[in-house]
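Hi,

Here is the structure I said I would pass on. Have a look at it first, and then read my notes underneath.

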Amino acid sequence: MGKQPNLYAFNDISSLARTLRTYVIQCQNAGFERHGLFKVAVSGGSLPSTLAKALLEPGHAASDDALDFAKWEIFFADERAVPLDHPDSNYKLLKDELLEKIPRPMGQPNVHPIDVKFLDDVQEMADQYQDALMQSFAAKDSVKLPIFDLLLLGCGPDGHTCSLFPNHELLRESDAWVAPVEDSPKPPAKRITLSLPVVTHGTKIAFVATGAGKRDIMKQIFDTEEGRSLPCGLVNEGGAEKVSWFTDNGAVEGVGFPRRGSL
């Protein structure tokens with residue numbers, strides 16, 4: 001058996017957030033050492049509010065764990081083809097939950113939203129977003145795939161992540177960095193998403209999954225053969241020990257896969 005993902009379970013969201021903060025800062029500092037920046041991809045759902053709790057809540061800070069948002073470059077792991085002020089927009093969600101709350105002394109990140117000129121043409125929107133990635137990751141040298149310092153992802157009740165859905169043809173996409181989705185089973189139908197090879201190519205990949213509503217899918221992903229072919233299972237398989245899951249006890253009750261005690 002190859003190397004496996006790391007599964008962490010916490011009694012409550014506050015404990016989860018404290019450890020997630022430590023983990024993100026470790027990833028940030030490693031990014032700064034590698035290239036002077038922290039290149040991160042973020043999903044939507046409940047992730048931005050947990051991230052804000054981890055990064056901004058008073059009491060979680062220690063003297064040796066500085067966040068320097070001015071050197072952060074934030075991309076979206078997936079985005080819906082909607083205006084940036086639409087309730088379904090992942091950009092709006094991150095802006096409302098995190099970006100607008102960052103105190104000025106901590107710096108402001110460089111954020112890459114979608115180009116809303118292409119809301120009616122998701123292929124063009126995906127191409128434009130891929131161009132933005134190329135300018136960031138391949139400006140000096142040509143690279144086959146971008147290497148994010150960290151991807152922060154969620155897990156849907158069907159095992160989807162980003163906008164990569166179970167049994168969807170996009171799971172076989174091997175060339176594009178960003179792919180269009182015309183037929184998302186979850187509305188809105190039109191979206192763009194990072195491809196699976198981009199996700200698994202990241203230096204670190206973190207999932208945040210909380211609540212008893214995640215219990216059944218977590219059992220499937222971690223304890224069953226069929227769960228390995230779900231999008232989250234494929235990320236576990238492709239990312240192996242680079243993948244860490246931050247969960248609460250409710251989400252992993254009954255899951256047989258071994259937990260890790262600490263980072």
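One bit of vocabulary before the charges: Lys and Arg count as positive and Asp and Glu as negative, while His and the chain ends are not counted. On that basis the protein chain carries 27 positive and 36 negative side chains. The centres of those two sets lie 5 Å apart. Do keep in mind that this is a predicted model.

Now the overall picture. The protein chain contains eight helices and ten strands. Its radius of gyration is 17 Å, close to the 18 Å that the globule rule gives for 263 residues, so the chain is as compact as a globular protein of that length. If you want a feel for the dimensions, the C-alpha atoms fill a box of roughly 45 × 45 × 35 Å along the principal axes.

How much of the chain is buried? Of the 263 residues, 52% count as buried. The accessible surface comes to about 11,800 Å², and carbon and sulfur atoms account for 48% of it. As for contacts between residues at least 6 apart in sequence, 77% of them join residues at least 24 apart.

The sheet is where I spent some time. Seven strands make up an open sheet, with parallel pairing, and their order is β1-β10-β9-β6-β2-β3-β5. Which strands stand at the edges? They are β1 (6-10) and β5 (110-111), each of which has a single partner strand, so one side of each is left without a neighbour in the sheet.

Have a look at β10 (residues 243-248) in particular. Six of its six residues are buried, and both of its faces are covered. On one side you will find Val-243, Trp-245 and Thr-247, and on the other Ser-244, Phe-246 and Asp-248.

The partners of β10 are worth tracing too. β1 runs parallel to β10 and is joined to it by five bridges, and Tyr-8 stands opposite Phe-246 in β10. Strand β9 (residues 205-209) also runs parallel to β10, again with five bridges; here Ala-209 stands opposite Thr-247.

Elsewhere in the sheet, three bridges join β2 (residues 38-42) to β6 (residues 150-153), and these two strands run parallel. One residue pair to look up there is Val-42, whose bridge partner in β6 is Leu-152.

Over to you!

Conventions:
Residues are numbered from 1 along each chain as its sequence is written. This is a predicted model: local features need pLDDT of at least 70, side-chain atom pairs count only at pLDDT 80 or more; totals for chains, interfaces and linings use all residues. Side-chain values use heavy atoms; hydrogens and water are left out. Helices (H or I, at least four residues) and strands (E, at least two) are DSSP runs, numbered from the N terminus. The radius of gyration is taken over C-alpha atoms; the globule rule is 2.2 Å times the number of residues to the power 0.38. Buried means under 20% relative accessible area, exposed over 50%, partly exposed in between (1.4 Å probe, protein chains only). Contact means heavy atoms within 4.5 Å. Accessible areas come from the Shrake-Rupley method with a 1.4 Å probe; for residues, only the protein chains shown count as cover. The place of a charge is taken as NZ of Lys, CZ of Arg, CG of Asp or CD of Glu. Two strands pair if DSSP finds at least two bridges between them.
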